[in-house]
Amino acid sequence: MSWYILLVAGLFEIGWAVGLEYSDGLSKPWPALGTVVALVISMVLLAQAVKDLPVGTAYAVWTGIGAVGTASLGIVLFDEPATLSRVLFIGVIVVGIVGLHLSSGGH
């Protein structure tokens, strides 16, 4: 169950990171509020996940989910470059996330 909680925490991390763009650096009240709410939810869920998962593994996976999701949405939503090298390095992060999960023994 902790892995699912961590996954959801990572999705909320993507939400608050993307929210920074929509809130224009937290200067637009409603998008800023959504960004802060997503941040709090992400942190609370991460805290729950580390009750059962090693903190180093959980944090690396959480940030990895956030990095992959935010970089991918940056390409799709904000017209950021989708160069071959950028996509390959995003893939490397995905491999790292999967590797951390597999090497944890499903713990």
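Reader: I'm new to this one, so what is the angle at which α2 and α3 pack?
Author: In this predicted model, α2 and α3 pack at an angle of about 150°, and their axes lie 10 Å apart.

Reader: And what does that angle make them, roughly parallel or roughly antiparallel?
Author: Angles over 145 degrees count as roughly antiparallel, and therefore α2 and α3 are described as roughly antiparallel to each other.

Reader: Which hand does the crossing have, left or right?
Author: The crossing of α2 and α3 is right-handed.

Reader: Which residues meet there?
Author: From α2 there are Ser 42, Met 43 and Leu 46, and these meet Ala 58, Tyr 59 and Trp 62 in α3. Sorted by class, the contact of α2 with α3 has five nonpolar residues and one polar residue, with no charged residues.

Reader: Okay, moving along the chain, how do α3 and α4 pack?
Author: Helix α3, which covers residues 55–78, packs with helix α4, residues 84–103, at an angle of about 155°, and the axes are 9 Å apart. This pair is therefore roughly antiparallel as well, while the crossing of α3 and α4 is left-handed.

Reader: Which residues make that contact?
Author: On the α3 side they include Thr 57, Ala 60, Val 61, Gly 64 and Ile 65, and on the α4 side Arg 86, Ile 90, Ile 93 and Val 94 are among them. The residues of the contact of α3 with α4 divide into 12 nonpolar, three polar and one charged.

Reader: Switching topic, which residues touch the most other members in the largest nonpolar core?
Author: That core has 16 residues, and those touching the most other members are Leu 6, Leu 53 and Val 61. Val 61 also belongs to the contact of α3 with α4.

Reader: Which elements give two or more residues to it?
Author: They are α1 (2–22), α2, α3 and α4, and the largest share, six residues, comes from α3.

Reader: One last spot: where is Ala 32 found, and is it buried or exposed?
Author: Ala 32 is found in helix α2, which spans residues 29–49. Buried means under 20% relative accessible area, so Ala 32, at 10% relative accessibility, counts as buried.

Reader: What does Ala 32 touch, leaving out residues up to four places away in sequence?
Author: With those left out, Ala 32 touches Ser 23 and Leu 26.

Reader: And how far from Ala 32 is Tyr 22?
Author: Ala 32 and Tyr 22 are 10 residues apart in sequence, and in space they are 8.0 Å apart, C-alpha to C-alpha.

Terms used. Residues numbered from 1 in each chain as written. Predicted model: local features only at pLDDT ≥ 70, side-chain atom pairs only at ≥ 80, totals over all residues. Heavy atoms only, no water. Helix = DSSP H or I, 4+ residues; strand = E, 2+ residues; numbered from the N terminus. Buried < 20%, exposed > 50% of the residue type's maximum accessible area, 1.4 Å probe, protein only. Contact = heavy atoms within 4.5 Å. Axes fitted to C-alpha atoms, helices over the stretch in contact; angles between N-to-C directions. Parallel < 35°, antiparallel > 145°, perpendicular 65-115°, else oblique. Left-handed = near helix turned anticlockwise from the far one by under 90°. Nonpolar A, V, L, I, M, F, W, Y, C, P; charged D, E, K, R; others polar. Core = buried A, V, L, I, M, F, W, Y, C linked by side-chain atoms within 4.5 Å.
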